Each structure stands twice: as C-alpha cells, then as structure tokens.
Amino acid sequence: MAVSPLSSFKLDHSFDLAAQVRSDFPILQRQINGHPLIYFDNAATSQKPLAVLQAMDHYYRHCNANVHRGVHTLSNEATDAYEGAREKIARFVNAPSPQEIIYTRNASEAINLVAYSWGLSHLERGDEIVLSVMEHHSNLIPWQWVAQRTGAHLKFIQITPEGELDLEHYRSLLNDRTRLVAVTQVSNMLGSINPVQEMTELAHRYGAKVLLDACQSVPHMPVDVQALNCDWLAFSGHKMCGPTGIGVLYGRRELLRAMPPFLGGGEMIADVYWDHATYADIPHKFEAGTPAIAQAVGLGAAVDYLSQIGLEQVHAHEQRLIARLLDGIQRIAGITVYGPKDPARRAGLVSFSVEAVHPHDLSTLLDEQGIAIRAGHHCTQPLHRYLRVQSTARASVYLYNTLAEVDCFLDVLAEAVEFFSAALS
Amino acid sequence: MPLDNLRGLYQQVILERYKKPHNFGRVDPVHRHQRGHNPSCGDTIDLTLQLDPSQERIVDIKFEGAGCAIALASADLMADAVRGRTIPEALQLVERFQAMMRGGEEFPREQRALNAMKGVAQFPVRIKCANLAWHALKYALESPEPQADGSAFVSNENTD
C-alpha cells in the first residue's frame, strides 16, 4: 500500500489503541519530578514494549552464541533467531527477499553505506545529487562528502510556505545529470509527508536512483518498498519499539550485488588469500564482523508487536492525537507552528516556537511537570536557518500516547508560556 | 502554581537580563573576539573584548548571539563581573563560576550578582547553557595570539 495520501484510512474511534497497549510499556509507569511521565519525544526514540525486552533477555539467557560460525546447537539457534528477524523485517516493508535487508548500526550508517559504497564508485564530476531542504543531517553530511570527493553537485528541493516539498521545483531540478534523489519520506521537523512514490517515478524517468530516509515513516505508517519502487530505504530500529544499535538498509537486489563492500572483516567474505579476497553474497557482504545479534532479535520482536496491532491503526491513532494537539496549540497566543496545518497531511509530530521564549527554557518548564519534548534543531540546522528560526520545540506522539496526555501537555504549555510572558512583559 | 519550584532557576534577575541585557552589542575597537557554540541546541554567543593598551585589563566586553534565558542572562552578568578586571582575575572568575555550576560555593559580596545563576546547578542539563559565555571568555583570554576575527567557534559540548 502506498503511504500518501493517508487520509483514506478508516478512523475507528471506538477502539482506543493507547488504552490497550500502555501496559505493555513498563517505562510509562515512571513518575518524573513527581508527575506521571508524558513521553512526547517519540521522533527521537520510542519506548520499548515488554515483548521486545523479553525477546532480547530470552536470547541472552537461552540462545547466545555467535552467528554463522559454528555447527553447535546454540550457534544454530542464534543464527535462526538473527536470520528469522531479517525475514520478519523484509515482510514488514514488503521487500521481495530477506537478502535485500541489510542490518546496520542505525539509519545513519545505512545511508553512509550507500554513500561510500555506491556513491563513491558510481558518481563523477558534474553528476547531480538531489536532496531536499528538510533532510536530517544524516541524509546530508554523507552526500556532502560524496560531492566533495567526486565533484558531483548537491541540489536542494525547496518547500512551499505550508512546509511541504515543492514538487514543481523538484521537477525543475531533474535532468539527465541527476544520478540520485535522496529524500526523507516524513520530515522529522515539519511533520510533512512527502509524495515519495510520485517522486521516485519522476526520478526513474531520468535514470536516477532513489534513496528514502524512512526513519519517521516506517514506525508510524504502512510502508511498502515495492509500491514505492525506491532503490534504497533506510530506517532505525529504536524509533519503532526496537532497541538502539540496529538499523536497516533495504536495497534492490541487483543494486546491492553490484555495490562494493563497505566495511571489511569477518562474516562478509567468501575466500580469503594473503593479498585479496572474494566476498559473500548479500546481505552478508555488507555485515562485517559480529553483528548486533540481540538487537536484531529485539527488532524482530518489535516488528511482530507492531504488525499485530497494524500500522493503519497506529497511524489513525496518531492522527487523532495530532489533530487535537494542532488545534489546541494554535489557540495559545504567541506560538508559531511549522509544517502543514491540516493534520491529515502530516505525521505525528509538531514543531513550534514561542515568541520570546527559547525552546530550552520551555522544555525545562515542561519537564518539571513530567513532560518530555525535544528542544533544539532536531538535526536539521540548515532547515532551521531556511525557516529563519534558531531552534524549535517538538512534540511527537506514538501508539501509547493518549488524548488526556495531549490535553495535559496543552494546559502546561499554556501555563509555561504565561509564566514567561508575565515575567518578560 | 505548579511551576513555583522553577522560580529558583528563573530568578527575576535572570528573566530581566534575558529581556533587557545591559551588555548586548559589540565593543569598538575589538581586541579579542570569540564565538561560543552549543552544537546540541545551536545556541551561539559572540563575545567581543576591548583591552587596555598594555593588553592586561578588560576595558569593555559585550556579547551578541541567540540563546535561552539561562545562556543570555549568564553572558550579561558575566560581562558586568569581568569588566575592569585583569586577565588573570577574569580567568579566576571563570573557574569559580564553573565550580559553582558543579555545586561549589557562591561568590562573595563583590560579585554576588552572579549568585543568581546558582540555581542552575540543580538542573544538570542546563549547566551547559549557563557556562556557554564563560567558556568562550576563557578561550578569548587564553588564546596565545590575540584574535580579532573570532573566526572559529569554540564548542561547549564536552565541558561541564
């Protein structure tokens, strides 16, 4: 299923997702500064359900061994668990084969893998790389390096005043020198959902490859790599109920096979001689050294957990929360909201600034009431410069957040704004 | 009011200095120039100093930049505290301020205005904000070559 537009999902108001799942997340029982935790920093990382913690605990207690190395029972079990998780992840994003799922440390490493392996070997002087102004630093810095080393040029898709990608401008950037389009599917600052299926189709007409940063989409909405028809898709495990230390690169099989290895070492080889070596087939060609086995198992459990609930449900739930949040926040005087104003056109996060109040000060006030939000530039410094704002505050929700939490956040936010405007007036 | 326990952090003087800093701007002529930067939040302080002819004493000090109430109030109070001081005296104040942020003693009577910042020590994640300007000042004063262009940022990331 394609992910845009998403407003076609059925909203089932009788089913309160958060009420059903909250007890699965032990950390949500915590009190922060004497108040129940309201965790609204999900775009930075999500909390973990018991099922994920138990899967990793079970792995270490019962199956721990190195993978692909031994013929003993434990090594076999560990390998099955590790490769089993890969199959789950492949089904989760509808990859044609688990071979196309590469484990990495995180999404940044997944993008670096493509930049170093494909970018440095395929791009040359005068080639063009199309990015957007809303890219996270992890989908910008690796391409700056590739451009510096190869002589390729970076081009940036602008955004509309509403904070959505300007498709007309995108079309105008494409030409026969365009070799790569690397864009985010959902902006981690603006919350806008980019029409990546259409963008991919346009890029392919010029023979360009397409890499999608799916860090803010895969955890929150159905993503189907075959429907999107992208060439690579990168996402992190820790933003989707999984552990830190594991990310994923999906890549088209024939492309991955043609790419040189990224890191060298154990696991990624076929035959090794003193002066040269031949390499394993994908995916192992790109997984040098002992991998993050327990983390892969944990991510597999997270995929099971989310699949059981259904990503349509998760997305519908977040849309209810964000509609309420957007509506309420715009009623507070002095607040500027970034990104689309129509909740149906955005994901479950809202960045905002308050006149004369720095996001750090705001965040400290909210934290006193147990509310965790992000304050800063959210790894999008150039976008903040582009929007002429030094830094912003960001509230981001997930499946376990409730409407009551949104209301409490809005009350405390109004009070915090009042605290500062009274003191500063 | 539920936010009452924050009044220890956001003392009236901090809010007033944030709203109307006394030392915002650039000195003229500029003898030392240093930019400080908190990479995690993007806050910047652009510090300029004017020294006496013997290069031993701070005649004037001002700052520009963008930051939170804690960072800007701290910069403003710092400028008042070090104006007219010799370089070694100013560096001593930097050390003493950073010690106070780690929970150390308050300043004596002469510099008691700086004690308004003491509450920040109770908020570990905000200590970096308070230290930003002081960290930049230390660099400005310790750099062997008098820097007038202040071209490089000093990062406040790994200090406490």
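How many residues does the contact take from chain A and from chain B? Keep that in mind as you colour the two chains separately; the model on your screen is a predicted one.

**Stop 1: the interface**

Select the residues of each chain that touch the other. You should have 21 residues from chain A and 26 residues from chain B. The size of an interface is often given as the accessible area lost when the parts come together. Here, the area buried between chain A and chain B is about 2000 Å², and carbon and sulfur atoms give 58% of that area.

**Stop 2: polar links across the interface**

Now show side chains as sticks and pick Asp361(A) together with Arg126(B). Their side chains form a salt bridge, at 2.8 Å from N to O. The rule finds one salt bridge across the interface of chain A and chain B. With polar contacts switched on, there are ten residue pairs to look for across this interface, counting pairs with both residues at pLDDT 80 or more.

Next, highlight two helices of chain A, H12 (359-368) and H14 (403-424). Each supplies at least two residues of the side of chain A that touches chain B. H14(A) gives the most to that side, with six residues. If you colour this side of chain A by residue class, you will find eight nonpolar, ten polar and three charged residues.

**Stop 3: helix H5 of chain A**

Move on to residues 141-150 of chain A, which make up helix H5. Which residues of this helix are buried? They are Pro142(A), Trp143(A), Val146(A), Ala147(A) and Thr150(A). Turn the view until you look down the axis of H5(A): the buried residues fall within an arc of 135 degrees, so they line one face of the helix. On the face turned away from the buried side, look for the exposed residues Gln148(A) and Arg149(A).

To see what the buried residues of H5(A) pack against, add these elements of chain A:

- helix H4 (107-122)
- strands E5 (128-132) and E6 (153-157)
- strands E7 (178-184) and E8 (209-213)

Before leaving, click on Gly151(A), which follows H5(A) and has a positive phi, near 85 degrees.

**Stop 4: chain B as a whole**

Finally, hide chain A and switch chain B to cartoon. Its secondary structure comes to four helices and four strands. Trace chain B from the N terminus and the elements run α-β-β-β-α-α-α-β. Colour by burial next: of the 160 residues of chain B, 52% count as buried. A contact map of chain B rounds off the tour: among contacts with a separation of 6 or more, 61% come from residues 24 or more positions apart.

Methods: Residues are numbered from 1 along each chain as its sequence is written. Chains are lettered from A and ligands numbered from 1 in the order in which they are written. This is a predicted model: local features need pLDDT of at least 70, side-chain atom pairs count only at pLDDT 80 or more; totals for chains, interfaces and linings use all residues. Side-chain values use heavy atoms; hydrogens and water are left out. Buried means under 20% relative accessible area, exposed over 50%, partly exposed in between (1.4 Å probe, protein chains only). The arc is that of the directions from the helix axis to the C-beta atoms. Contact means heavy atoms within 4.5 Å. Buried area is the accessible area (1.4 Å probe) that two parts lose on being put together, summed over both. A salt bridge is a side-chain nitrogen of Lys or Arg within 4 Å of a carboxyl oxygen of Asp or Glu. A polar contact is a pair of N or O atoms within 3.5 Å; within protein, one must be able to donate a hydrogen and the other to accept it, and residues adjacent in sequence count only if both atoms are side-chain atoms. Ala, Val, Leu, Ile, Met, Phe, Trp, Tyr, Cys and Pro count as nonpolar, Asp, Glu, Lys and Arg as charged, and the others, Gly among them, as polar.
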